[in-house]
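Here is a set of short exercises to work through with the model open beside you. Try each task on your own before reading its solution.

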Amino acid sequence: MAIGDDRAPPRGRSDSPDEPLLDGRVGLFEMRNRPRRDVPWLIAYLLLLLGALAGGVFAFMHRNTRFEKLVTPESMSDPHLCPIDATSHAARRLLQQGPDAPSPFDFDLFMRAAGMWAGASVGGALLVGLLFVWLVRVSPGALVATALGLQVSVPAAVGILALTRGSVGAGVALLGLAGLTLLVFILWKQQVQLVTALLGLAGRGLSANPGLVPMALGLQLLALGLLETPLLLALIGAAMNGTLAFNPHRADRGAAESPEQCVDAEGDSVSCCVWKTEPWVPAYMTLAGIAMTWTLFLAFQIKLYTVGGTIAQWYFEPVSAAAATDDDMYHGGGGASSSSADAANGGGRRTTARRRRSRTLTALRFAAGPSLGSLCCGSAILTLVSMIRQAMEKARQERDRNLLAACAAACCSLLLSLLEFVTRFATVRAAVTGEAFLTAGRGVVQLLKRNAMDAFGVWWLPPMIIQSCCFLLSASWAAAVSLLSYATTWRHQAHAASPHQASVSAWLTALLALLAAWAVLGFLGSLLLNVIDALFVCFAMDRDLGQVSAPEVHQVMGKLPSVGVLVQQ
């Protein structure tokens, strides 16, 4: 009988070979019985990935080598390059006509001088990320207060600036927004304090498992470098398989002799030529797009699974081992008392350090081995959700909305959000128990239903605070980089190009710094949310059996909406 059933199974027994045994040495975390799960999903993903990569090789080998010359504005505007009766062979032999128009911004000059600032932007973003993690671990209250304060002060400052410049309507609206935001945070003081406590737990989980950050970062870079980049190049290569063709919107029927004569039926100027891809390209690009999306979600699933497995091992760790971990973490391994304990335990500090490192490696080994098929299943569900949302958004843009369609879209969005929520928690449960994905999904639904914990899934405050804090810190770093780079570098190069060279260069540097900092902080913020989700699932499983493995986690999680404090049996 699985954990998700209504009756809890005896510890260490299983009524079915499909249900994992629970290892009492690590609480509810399954260490031994982890057979391969959901293998057909793994095979389906590998076949799709190999097909997309093979198609990319074909597309690259058969691309139009004159693509870059044919898609320039000059070529697109020349009616002689795309006669109405042109063949593919003739179109492939066309050459570019005329040079590019000069640009008021010298991009080459920017790239020659931007190397130092590009490195400084990325390096500074990493330092901002380290500061973010340190604040979460040491003073989560200060981090939350800063995020909330910025959400109030920024619109208030912009509103005051608007009033001083005569924009009364905009200024009053912004000041009203700032006041309303402040009122909401005052009324929700207890919820904000709860978010602070949750962030403190997440920071402690990351500190106790320092291998999580480099592991998660390595997974993202591996997925991006080894899989996403080749698929992206394959898409670009597929788009290059085609020719210039006569624009079907032209009304001159091929009689135009100059770009000005290429007009539509209403007399408006249109492009003389269009790029027409080969007939097989749209189908392949759909296939490669699905492979890219599935791969991206698979990387996220592996990260969430590894975080969930690592945190579960830490959560269900025996109290004595956890105490030794906390002593090393908070006292730095120094002091006479810790030295005596190490001597009594035969070098316990080194053993504890190895244990902390092995948690992440153990969870990653399970993710890349027995549960990889389950993660392919979960990422396939998320890919389907993403495709449905894209179709809904496309339909919304192309068609007029009516009340019935709006209600249907709202209901569908709610169901998709619920499916994402269940998928996220099912991944954590699979990391703990080693179950198949759909079994873990049914189990986590029953688990939350039995313990009346449904409100946590729709509680939007922790993600909102973390994401807004990440964005505001990123924007602050970008503004600092922009001002510093303008003062020290770009304003001295204004004479070398157009008068706008310095300001445009400063804006591009700020954009690079913003993207770098937002990527780093967004990654760390998502990691913190993954830790909170993992702690919640461990708490729910613990509570379902009437036990308290981590009292400090129970003390915080018991204050969540619709949960309540457990009376230990």
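The exercises below concern a predicted model, and each is followed by a worked solution.

**Exercise 1. The overall picture**

Find how many helices and strands the chain has, and what share of its residues count as buried.

Solution. Begin with the secondary structure: there are 20 helices and two strands in the chain. Next, turn to burial: 45% of the 569 residues count as buried. Finally, look at the contacts between residues at least 6 apart in sequence: 77% of these join residues at least 24 apart.

**Exercise 2. Looking for a disulfide**

Search the structure for disulfides, and work out which cysteines form a disulfide.

Solution.
- Step one is the search, and over the whole structure it finds one disulfide.
- Step two is the pair itself: Cys262 and Cys272 form the bond, with their sulfur atoms 1.9 Å apart. This falls within the 2.5 Å cut-off for a disulfide.
- Step three is the geometry. The angle about the S-S bond is 105°, and the link of Cys262 and Cys272 is right-handed.
- Step four is the location. Both Cys262 and Cys272 sit in the loop between β1 (242-246) and β2 (273-277), ten residues apart.
- Step five is burial. Cys262 has 0% relative accessibility and counts as buried, and Cys272, with a relative accessible area of 1%, is buried too.

**Exercise 3. A cysteine without a bond**

Explain why the sulfur of Cys407 makes no bond with the closest cysteine sulfur, and decide whether Cys407 is buried or partly exposed.

Solution. First, find the closest cysteine sulfur to that of Cys407, which is in Cys411. The two sulfurs are 6.7 Å apart, so they are too far for a bond. Then check the accessibility: Cys407 has a value of 41%, so this residue counts as partly exposed. For another cysteine, take Cys470, which counts as buried because its relative accessibility is 2%.

**Exercise 4. A serine beside the disulfide**

Place Ser258 in the chain, then list its contacts beyond its neighbours within four places in sequence.

Solution. Ser258 lies in the loop between β1 and β2. Once the neighbours within four places are set aside, Ser258 is in contact with Pro79 and Cys272. Of these, Pro79 is 179 residues away along the chain, yet the C-alpha atoms of Ser258 and Pro79 are separated by 6.4 Å. The other partner, Cys272, is one of the two cysteines of the disulfide in Exercise 2.

**Exercise 5. The second largest pocket**

Describe the second largest pocket by its volume, its lining residues and the classes of those residues.

Solution.
- Start with the volume: the second largest pocket holds about 670 Å³ of space.
- Now take the lining, which is made of 24 residues; those closest to the pocket centre are Val213, Leu217, Val520, Phe523 and Leu524.
- Assign the lining to elements: α6 (115-138), α9 (189-208), α10 (212-239), α11 (281-315) and α19 (501-544) each give two or more residues. The largest share, seven residues, belongs to α10.
- Sort by class: the lining has 19 nonpolar, three polar and two charged residues.

**Exercise 6. Along α10 and just before it**

Locate Ala239 and Pro210, and find a residue distant in sequence for each.

Solution. Ala239 belongs to helix α10 and, at 24% relative accessibility, counts as partly exposed. Leaving aside neighbours within four places, its contacts are Phe67, Trp275, Thr277 and Val281. Phe67 is 172 residues from Ala239 in sequence, while their C-alpha atoms are 9.2 Å apart in space.

Pro210 is in the loop between α9 and α10. Its relative accessible area is 46%, so Pro210 is partly exposed. Its C-alpha is separated by 8.8 Å from that of Thr360, 150 residues apart along the chain.

**Exercise 7. A helix and two positive phi values**

Compare the reach of α16 with its expected span, then inspect the phi of Gly434 and of Asp38.

Solution. Helix α16 (residues 403-433) has 31 residues and reaches 45 Å from first C-alpha to last, close to the 45 Å expected at 1.5 Å a residue. Just after α16 comes Gly434, with a positive phi of about 80°.

Most residues other than glycine have a negative phi. Asp38, though not a glycine, has a positive phi near 50°. Asp38 lies in the segment before α1 (39-61) and, at 18% relative accessibility, counts as buried.

How values were computed. Residues are numbered from 1 along each chain as its sequence is written. This is a predicted model: local features need pLDDT of at least 70, side-chain atom pairs count only at pLDDT 80 or more; totals for chains, interfaces and linings use all residues. Side-chain values use heavy atoms; hydrogens and water are left out. Helices (H or I, at least four residues) and strands (E, at least two) are DSSP runs, numbered from the N terminus. Buried means under 20% relative accessible area, exposed over 50%, partly exposed in between (1.4 Å probe, protein chains only). On a 1 Å grid over the protein atoms alone, a cavity is a set of points where a 1.4 Å probe fits but cannot get out, and a pocket is an open set with protein on both sides within 12 Å along at least five of seven lines; lining residues have an atom within 4 Å of a point. Grid points are joined across faces, edges and corners, and a volume is the space filled by probe spheres set on the points. Ala, Val, Leu, Ile, Met, Phe, Trp, Tyr, Cys and Pro count as nonpolar, Asp, Glu, Lys and Arg as charged, and the others, Gly among them, as polar. The expected span of a helix is 1.5 Å times one less than its number of residues. Contact means heavy atoms within 4.5 Å.
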